[in-house]
Structure formats: C-alpha cells, structure tokens
Amino acid sequence: MKSRKRVRPAHWFGLMLLGLLTLGAGTRIADDGEGGPAVPESGDEIKPLPNYVVRGLDWLADAQFENGGWGSGQHSAQHIRDPRAVQIDPATTAFAAMALMRSGSTLTSGPHHVNVRRALDYLLGLVESSDSNTGQLTATAGTQPQAKLGQNIDVSMVAQFLARALPTIENDARLKGRVEAALDKCVKKLEMSQQRDGSWNQAGWAPVLQSAAANSALEAAAKAGRKVDEEMLDRSREYQRKNVDTASGEVRTEAAAGISLYSIASNQRATAPEAKEALDQINKAKDDGLLEEDAEITLDNLQKAGYDRDKAAKVYESYQQNEITKQMLQDDRILSGFGNNGGEEFLSYMMTSESLVVTGDQQWASWYERMNELFSRVQNGNGSWSGHHCITSPVFCTAAVILTMTADRDVEFLRAEANG
C-alpha cells in the first residue's frame, strides 16, 4: 500500500487566530502537525508517571474515608483543607475514583484497587437509595462542586465513573447488573434535569463546566452500552457549540462566570468526538480513493466522503470549533482563567487533555509539557494541590491534576466514548 499524508488541522485557523488573539508572554506555539509526537496509541508508548504525580496519587488514596467516600467541603468553609474534616459528597468521590482508575488501578488490580472498589460500593448504595423522581443524588447541599459547577454535577460525575467502571466488570454478573442499573438511573436523572437550551444550568457559578461534564457522562454511558436519548445528546452538543463563534472568535461566558477559559475548554471537550469523526471520515475517503491525498477537511469534502449535507455541516462545525478553541488556549491570558489556580481551572485543563487525546492531536506533547511545568511548580508539600479561589478543595484539585496528566493513558476508553 502506498503511503499517504494523514489529514492535519488546516493552517488557516492558526493564521485567522493570530489576527484575533495577541499571544501572552511565554506562550508556546505548538507543532503544526508535521513534527511533534502525537498522542500515544498504546500503553507501551506511555512514559512512567512523574514522581510528583505518584505522590499526588498516594495522597489522594490516603484521603479517602473508610466508607469509600471523599469530600470537597462546603462552599461556606473554603478555608478547611483537611480532607478528613469535610463532608463526603458524590461528585468528589466519583472524581477522585476516576483519577485512581485512569492512573492504572481497577476494581481488582493496581496500587489503589481497594480504594476504587470502596468508592464503587459507596456510590452504588447512594444511587440505589436516591429518589428516582428527582434529578439529584443527595440531600447534601452547598458543597464546593455544587456551588461552583451546579446542582447536577453529582449525577454527571457519578455517571462518568460508573460508565468507566462498567467495562472492567465481566466476571461478577450481580455487580455488573447493579452498576448498569445505577448508570441507567443517573442517565434518567440527567434527562429530567436538562434545560431547553441543552444545558444543565442549575444554580452554579460556572455551570458551563457542569454541562460539559454531563455531556461527557452521556457519551460515556452510550459507549458502555446504555440507552441514551440521542436528541438530548444532540441538544447538549449544540449548546456547547453555541458558546464559541468560529467566524468571529467570540466566546459566550454568561454561564462561565465571565471566564473565557471555562467556555472554551467545555466547547473543546464537547466537540472533540465529532471533530475526530470528521478526521476519520476524510481519511477513510482517501483510503477508498474518493478524495485526493492532500484534501483538507471542508464541508464539500465531507459530502464527497459520504455524509449528507446536514451531517457534514454538523461535524464540520465541530471540527472548526475544536481547532479554534485549541488555538485560543495557546494564549496564557486565557489559560490563566480567573487569574489564579482553582478547581475550575484544573477541571478545564483536564477537558483539554481529554480533547487532545480523543482527536489524537499533535499538540499533546507541548500541552503535556506545559501542564507538567505548572503542576510540578504549584504542588503542595504534602503531595496534593489546592485551589486559590472557588473550588479550593485539595481532594477535588488533586484529582483534576491527576486526570489532566494521565489522559494519554486512557486513549482506548476516551476514543471509544467519543464513538459511543
């Protein structure tokens, strides 16, 4: 078979954005797709975890309560940093457990498998005892994730964790059935709480991040074989698409506390699956001889590759937005978010890591280097990370940092989720 050039992001996006954005001092311009290493395709290509990340993992595991939960604490008591002096909440528990899983622990193996299993048992009991007629999982109110991200963040995070755990349960039919039923219940809760505009926009400081988490939860549930309302998922993706205008570069921040980073990262994560679909469709068309070797991703070429006009328009818009948001995040002023590190910033960085992994982007290496420099510099002496505003919880922030730095270890799951 003759070799050929794979589709790379169109260069005109970078040129357009140079006119829209003035890059901050110290900004790294990532590879244009020709020289830098892409996301690893297998676990064999992934480097060992940096020692400082291992320290963070050990701290996170030690912070777990005996019953399997973790907590971020109350929004009204952001100064409390002792992980054992706060109330347990489901969003933080699921988030921490996912960090351990992505780092190599399952329900039965890995250095922190006992922690993962305890978290699963705790969350299953919580979901099973929750009221099926409400969109909530717990009567606990005012937690840091709820106050800053929104009331539905508990359901979104728990659904993601259950979907992540489900494929690893094959030899225990009873446990698998419980996880499936709990995940289905979470999906129903998300269905009943979605807003007309496609968001989950309830009572949060920056609910656009909650909406992105819900979008990822639905994609993960679909990948895990659970029934997900496609119309609801389409509305969710459309909501995220509307937060960034590809023609002008304008970013909507009404649901992002006025912070561009939150909307940009949320849009980038939500558009990644369809951006990858566009890439794959064009490359397949080249393999099949339908397009020339040097064909770019355009609306016309997507139709030549087999999509009808409506489908082509949708995936092309996602591809364009994923490209423009990726370039926007090269600006240090945007990347700084609120101006200092908080859980919302760390969560946004995680979404960008996942997007780059989903699309197999050449910018992964430079992004990883950038995050590696930041996180190694701001780590606490005990191995954790803390926020300086809003979500200050060291448990939440540490989990977000670990998930950001280990997304390349989750290539198979994230890409399967994108194609769910």
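## Helix 9, its surroundings and a cavity in a helical chain

The side chains of serine 236 and asparagine 215 are joined by a polar contact of 2.7 Å, in a structure that is a predicted model. Serine 236 has its place in helix 9, which runs over residues 230-241, and with a relative accessibility of 1% this serine counts as buried, because buried means under 20%. Leaving aside residues up to four places away in sequence, serine 236 touches Gln194, Gly198, Trp200, Ser211 and Asn215.

### The chain as a whole

The protein chain holds 17 helices and 0 strands. Of its 420 residues, 59% count as buried, and the accessible surface of the chain comes to about 16400 Å², with 47% of that area belonging to carbon and sulfur atoms. When contacts in the chain between residues at least 6 apart in sequence are considered, 75% of them join residues at least 24 apart.

### Around helix 9

One of the residues touched by serine 236 is Gln194, and glutamine 194 is placed in the loop between helix 7 (173-193) and helix 8. Glutamine 194 counts as buried, at 11% relative accessibility, and the residues it touches, again without those up to four places away in sequence, are Ser199, Trp200, Met232, Arg235 and Ser236. With methionine 232 there is also a polar link, in which the side chain of glutamine 194 reaches the backbone oxygen of methionine 232 at 3.1 Å. Glutamine 194 can further be placed relative to glycine 135, since the C-alpha atoms of these two residues, 59 residues apart along the chain, are separated by 9.2 Å.

Arginine 237 is likewise found in helix 9, and its relative accessible area of 11% makes it buried. Its side chain is joined to that of glutamate 219 by a polar contact of 3.1 Å. Beyond residues up to four places away in sequence, arginine 237 touches Asn215, Glu219, Ala270, Pro273 and Glu274. Asn215 therefore appears among the residues touched by arginine 237 and among those touched by serine 236, where contact means heavy atoms within 4.5 Å.

Which loop holds aspartate 229? Aspartate 229 lies in the loop between helix 8 (207-223) and helix 9, and at 36% relative accessibility it counts as partly exposed. A polar atom of the side chain of aspartate 229 lies 2.9 Å from the backbone nitrogen of glutamate 231. Along the chain, aspartate 229 and valine 187 are 42 residues apart, while their C-alpha atoms are separated by 9.0 Å.

The polar contacts described for this part of the chain are set out below.

| Group on one side | Group on the other side | Distance |
|---|---|---|
| Serine 236, side chain | Asparagine 215, side chain | 2.7 Å |
| Arginine 237, side chain | Glutamate 219, side chain | 3.1 Å |
| Glutamine 194, side chain | Methionine 232, backbone oxygen | 3.1 Å |
| Aspartate 229, side chain | Glutamate 231, backbone nitrogen | 2.9 Å |

### Two loop residues with positive phi

Alanine 257 has a phi near 55°, which is a positive value in a residue other than glycine. It is placed in the loop between helix 9 and helix 10 (260-287), and at 28% relative accessibility alanine 257 counts as partly exposed, because this value falls between the 20% limit for buried and the 50% limit for exposed.

For cysteine 390, phi is also near 55°, a positive value in a residue other than glycine. Cysteine 390 is found in the loop between helix 15 and helix 16 (394-405), and with 9% relative accessibility it counts as buried.

### The second largest cavity

How many cavities of 30 Å³ or more are there? The count comes to 3 cavities, and the second largest cavity has a volume of about 90 Å³. The lining of the second largest cavity is made up of 11 residues, among which Gln330, Leu356, Gln363, Trp367 and Arg370 lie nearest its centre. Two or more residues of this lining are given by each of helix 14 (343-359) and helix 15 (364-378), and helix 15 gives the most, with 3 residues. Sorted by class, the lining of the second largest cavity has 3 nonpolar, 5 polar and 3 charged residues.

Definitions and conventions. Residues numbered from 1 in each chain as written. Predicted model: local features only at pLDDT ≥ 70, side-chain atom pairs only at ≥ 80, totals over all residues. Heavy atoms only, no water. 1 Å grid on protein atoms, 1.4 Å probe; cavity = no way out; pocket = protein on both sides within 12 Å on 5 of 7 lines; lining within 4 Å. Points joined across faces, edges and corners; volume = space filled by probe spheres on them. Helix = DSSP H or I, 4+ residues; strand = E, 2+ residues; numbered from the N terminus. Nonpolar A, V, L, I, M, F, W, Y, C, P; charged D, E, K, R; others polar. Buried < 20%, exposed > 50% of the residue type's maximum accessible area, 1.4 Å probe, protein only. Polar contact = N/O pair within 3.5 Å; in protein donor to acceptor, adjacent residues only side chain to side chain. Areas by Shrake-Rupley, 256 points an atom, 1.4 Å probe, with all protein chains shown as cover.
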